[in-house]
Each structure stands twice: as structure tokens, then as C-alpha cells.
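Please have the sequence and the model open while reading this note. The points below go through some strand pairings and then one helix.

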Amino acid sequence: MSTIQACELPADALLCKYLGGGAYADCYVTEVAGPVSHAEYVEAFYTTAIFRIERLLLAWFVSRPSTNLQARQLASGKASTFAAWTVEARSPDQVLLSDLQGRTRSWLMCAPAGIDALSSTRLYFGSAVMPKATSRSGEARMGAVFRVLLGFHKVYSRVLLRAAVSRLEHPPSSRTLS
């Protein structure tokens, strides 16, 4: 079983533009055996059982339902929106998504690892949270809700990445498009 570790963002990560300026940014990485395409990774990430719960909550609370088919379309580059996110930037090996309010970013990247490109793949997942400016000073800083939820966010990020790895290593026998 591969380990998931917090790490620095790779220098070419689309999420790097949110480092500094009072924003919070994180990055988690793991390695899986064999080649994994970016599209396979993105689809696996957004179609896991744990993420389907998040999708259900988004459907209920912000009226943004989504399906596995839409996740596949996002993964393949055929869609620029998914649930509560819009693609902000994309390259062949990574995608950066922004939420409806522009306060958070989600980022997924994969890269060949090891001696040859076929031996293993490094999977990255990161997030950024934009600060709120205070009304008195105008200084950009995080609010109390962010500070309270940060511990949960760090655990949840690892759970999401672990679930994606599990889905890649043990794909479902028949794909559900709903």
C-alpha cells in the first residue's frame, strides 16, 4: 500500500500561483505502480464513494448535482465545469479547479516516477483557500471557520487521495455513468 505524504508543490504546479499573499495552499503526494494517465486519475478521484458523498451534499446544499459521466467528461477535457467547480487552468498532466465563489481551488496532477515512465506514477492533490480581507485593516487573512476546519481538511485530503488510489488499483467491474 502506497503512503500519502504532505509535500511542497512541484515548481510547475498550476496551484503555485496561490502561494503567499495570505492564501493557504497544501499538497499531498503518493506513488502507484504502473502508468496512470491524468484522465484516469481525475476520473478515479471524482468517482470514489467518498467523493460521491461530497457530490450529494453539493447537490442538496448548492443545487449543483453531478454524475460519474460528468466526472469522466471533466477528466477527458470535454467539460469545463463539474459540480461546484469550474476549470481555471489545465495542462496535459494537471487541472486546477475553482469553486463557485472563487474562495477555494482544487488541483490534481500526475507525473511519471521512477527510472522509466512505465514503472510508476506520482499522484498529487492540492488545495488552496483564499483569505478574506478584514473590514478594519484590509489585511488578507483567514477566518475562524477556516482555522477550525483545517485539521479536518488535512485528514479529508488524505482520505480522498487514498480513495482515488484504491479505485485506480481496484477498478469497478462495471462502470456506472450516473
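1. Strands E4 and E5 (residues 94–99) run antiparallel and are joined by six bridges. The link between E4 and E5 is a hairpin, with two residues making the connection. One pairing to look up is that of tryptophan 85, whose bridge partner in E5 is aspartate 99. Bear in mind throughout that the model is predicted.

2. On the other side of the sequence from E5, E4 (residues 85–91) is preceded by strand E3 (residues 81–82). E3 and E4 are also antiparallel, and two bridges join them. Tryptophan 85 appears again here, as the bridge partner in E4 of phenylalanine 82. Tryptophan 85 is thus a partner of phenylalanine 82 and of aspartate 99.

3. The turn between E3 and E4 deserves a look. Two residues lie between these strands, which form a hairpin. In that turn, alanine 83 has a positive phi of about 50°.

4. Next comes the pairing of E5 with E6. These two strands run antiparallel, with five bridges between them. Glutamine 94 can be found opposite methionine 109 of E6. E5 and E6 form a hairpin as well, with four residues in between. Its turn holds glycine 102, which has a positive phi of about 75°.

5. How much of strand E6 is covered? E6 spans residues 104–113 and is mostly covered, with eight of its ten residues buried. E6 is also joined to E7 by ten bridges, and this pair is antiparallel. Within the pair, alanine 113 stands opposite serine 120 of E7.

6. Now the helix. H4 covers residues 144–169, which is 26 residues. From its first C-alpha to its last, H4 reaches 38 Å, close to the 38 Å expected at 1.5 Å a residue. Where is the kink in H4 centred? The kink, of about 45°, is centred on leucine 150.

7. Leucine 150 is also one of the buried residues of H4. Others among them are Phe146, His153, Tyr156 and Ser157. Further along H4, the buried residues include Leu160, Leu161, Ala163, Ala164 and Val165.

8. What do the buried residues of H4 pack against? Two of the elements they meet are strands, E2 (24–33) and E7 (120–129). The buried residues of H4 also pack against the helices H1 (38–46) and H2 (49–62). E7 therefore links the two parts of this note: E7 is bridged to E6, and E7 is packed against by buried residues of H4.

Technical notes. Residues are numbered from 1 along each chain as its sequence is written. This is a predicted model: local features need pLDDT of at least 70, side-chain atom pairs count only at pLDDT 80 or more; totals for chains, interfaces and linings use all residues. Side-chain values use heavy atoms; hydrogens and water are left out. The expected span of a helix is 1.5 Å times one less than its number of residues. The bend at a residue is the angle between axes fitted to the seven residues ending there and the seven starting there. Buried means under 20% relative accessible area, exposed over 50%, partly exposed in between (1.4 Å probe, protein chains only). Contact means heavy atoms within 4.5 Å. Two strands pair if DSSP finds at least two bridges between them.
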